[in-house]
Amino acid sequence: MKGFGTDESTLIRVLSHMAPQEIPTLKQTYQQRHRRSLESDVKDEVSGYFEFALLAILRGPLQQDVWCLNDALKGAGTKEALLDDVLIGRSNADIRAIKTAYQQTYRRSLEGDVKNDLSAKTERMYSMILAASRQEESAPVHPQSVDADVTELHRATEVKTGAEALTVCSILTNRSDGQIRAIALAYEHKYRRALETVIKNDFAGHMEDALVRMVRTGADKAMRDAIELEECMSGPGTKDERLTTRIVALHWDRGHAGQVRGAYKHRYKKDLISRIRGETSGDYERILVAMIE
């Protein structure tokens, strides 16, 4: 590739370990030196999921989030799993930054696009998330509040015939990760059942997936990510776009990526990098492995 030579190894070496704050400078310098955009040259010179991964890296974390949200909402149907990946478990500051960047990029509000694309309880759940009204992680975890949430979650699920989805959504979308972790532990202690199991029994489809992700985010984010990576590779066919998007998101935080590898090894008794190598090939394999090794 012009500017990098024809060696894809250089692309992999440079881009896979670049910090988010370095990417704008790289793209600007490349443009000034070669009078072409780096993204355009990547599109011209490489293809497939290797191209998909490189372009995701070059967008940087915030613009990649915005791109994923647009991809999830555009056209017929909605990619709810992609919405979940970007929005669930994010801080209030993250949500506000994402909404601002989405508005600036597409000249539309994210809340408006979500309302237009979704309906009923699913739309209400995302509206709660986009309100950016979660308790901050710095907020204390009060045992009385935790107990009240546990009682209300039990009433809205196991006690009733037909779970109250919006009650459960309201609690889980407004609590911090630390509070959700405390709620999950207290629920299991009080009722002898894991909160995740209760949700799986009482909900189905996307609502189940979203609520389970909220609980896993609070309980153990590294294990959540390990499970989600395995889900991309298990069963017939590899879910390459989802696998790539998740690894790109993961690689921005090297410390967390190491924790995910450890969680994966603990749960599945095998090495995550070896698993990825078994499911991918060529430069696509090499860029995924480089991002998390």
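Leaving aside residues up to four places away in sequence, H206 touches E80, D84, T122, M125 and Y126. That is a good place to start in this predicted model. H206 belongs to helix α13, which covers residues 205-219. One of the residues it touches, D84, also takes part in a polar contact: the side chains of H206 and D84 meet at 3.1 Å. Is H206 buried or exposed? With a relative accessible area of 16%, H206 is buried, because the cut-off for that class is under 20%.

**Salt bridges**

Let's turn to charged pairs. Side chains of opposite charge can pair when their charged atoms come close. How many salt bridges does a search of the whole structure find? The search gives 28. Here are three of them, with the N to O distance for each pair and the relative accessible area of each partner.

| Salt bridge | N to O distance | Basic partner | Acidic partner |
|---|---|---|---|
| K74 and D71 | 3.8 Å | K74, 48%, partly exposed | D71, 10%, buried |
| E164 and R155 | 2.8 Å | R155, 29%, partly exposed | E164, 22%, partly exposed |
| R246 and E228 | 4.0 Å | R246, 13%, buried | E228, 7%, buried |

The side chains of R246 and E228 meet at 4.0 Å, N to O. This pair links distant parts of the chain: R246 sits in helix α15 (residues 240-251) and E228 in helix α14 (residues 221-233), with their positions 18 residues apart in sequence. R246 counts as buried because its relative accessibility is 13%, under the 20% cut-off. E228 counts as buried as well, at 7% relative accessibility. The two residues also belong to a network of salt bridges, in which D85, R213, E228 and R246 are linked.

In the pair of K74 and D71, the salt bridge joins a partly exposed K74, at 48% relative accessible area, to a buried D71, at 10%. For the pair of E164 and R155, both values fall in the partly exposed class, with E164 at 22% and R155 at 29%.

**The largest pocket**

D85, a member of that network, turns up again here. The largest pocket holds about 640 Å³ of space and is lined by 23 residues. Which residues lie nearest its centre? They are D85, R90, R224, A249 and L250. Several helices contribute to this lining: α4 (48-73), α5 (80-87), α14 and α15 each supply at least two residues. The largest share comes from α14, with five residues. By residue type, the lining of the largest pocket divides into eleven charged, eight nonpolar and four polar residues.

**A loop residue, E136**

Our last stop is a loop. E136 is found between α8 (120-130) and α9 (143-156). Not counting residues up to four places away in sequence, E136 touches N92 and S176. How far apart are E136 and N92 in sequence and in space? They are separated by 44 residues in sequence, yet their C-alpha atoms lie 7.6 Å apart. The side chains of E136 and N92 also make a polar contact at 3.0 Å. As for accessibility, E136 is partly exposed, with a relative accessible area of 39%; that value lies between the cut-offs of 20% and 50%.

Definitions and conventions: Residues are numbered from 1 along each chain as its sequence is written. This is a predicted model: local features need pLDDT of at least 70, side-chain atom pairs count only at pLDDT 80 or more; totals for chains, interfaces and linings use all residues. Side-chain values use heavy atoms; hydrogens and water are left out. Helices (H or I, at least four residues) and strands (E, at least two) are DSSP runs, numbered from the N terminus. Buried means under 20% relative accessible area, exposed over 50%, partly exposed in between (1.4 Å probe, protein chains only). Contact means heavy atoms within 4.5 Å. A polar contact is a pair of N or O atoms within 3.5 Å; within protein, one must be able to donate a hydrogen and the other to accept it, and residues adjacent in sequence count only if both atoms are side-chain atoms. On a 1 Å grid over the protein atoms alone, a cavity is a set of points where a 1.4 Å probe fits but cannot get out, and a pocket is an open set with protein on both sides within 12 Å along at least five of seven lines; lining residues have an atom within 4 Å of a point. Grid points are joined across faces, edges and corners, and a volume is the space filled by probe spheres set on the points. Ala, Val, Leu, Ile, Met, Phe, Trp, Tyr, Cys and Pro count as nonpolar, Asp, Glu, Lys and Arg as charged, and the others, Gly among them, as polar.
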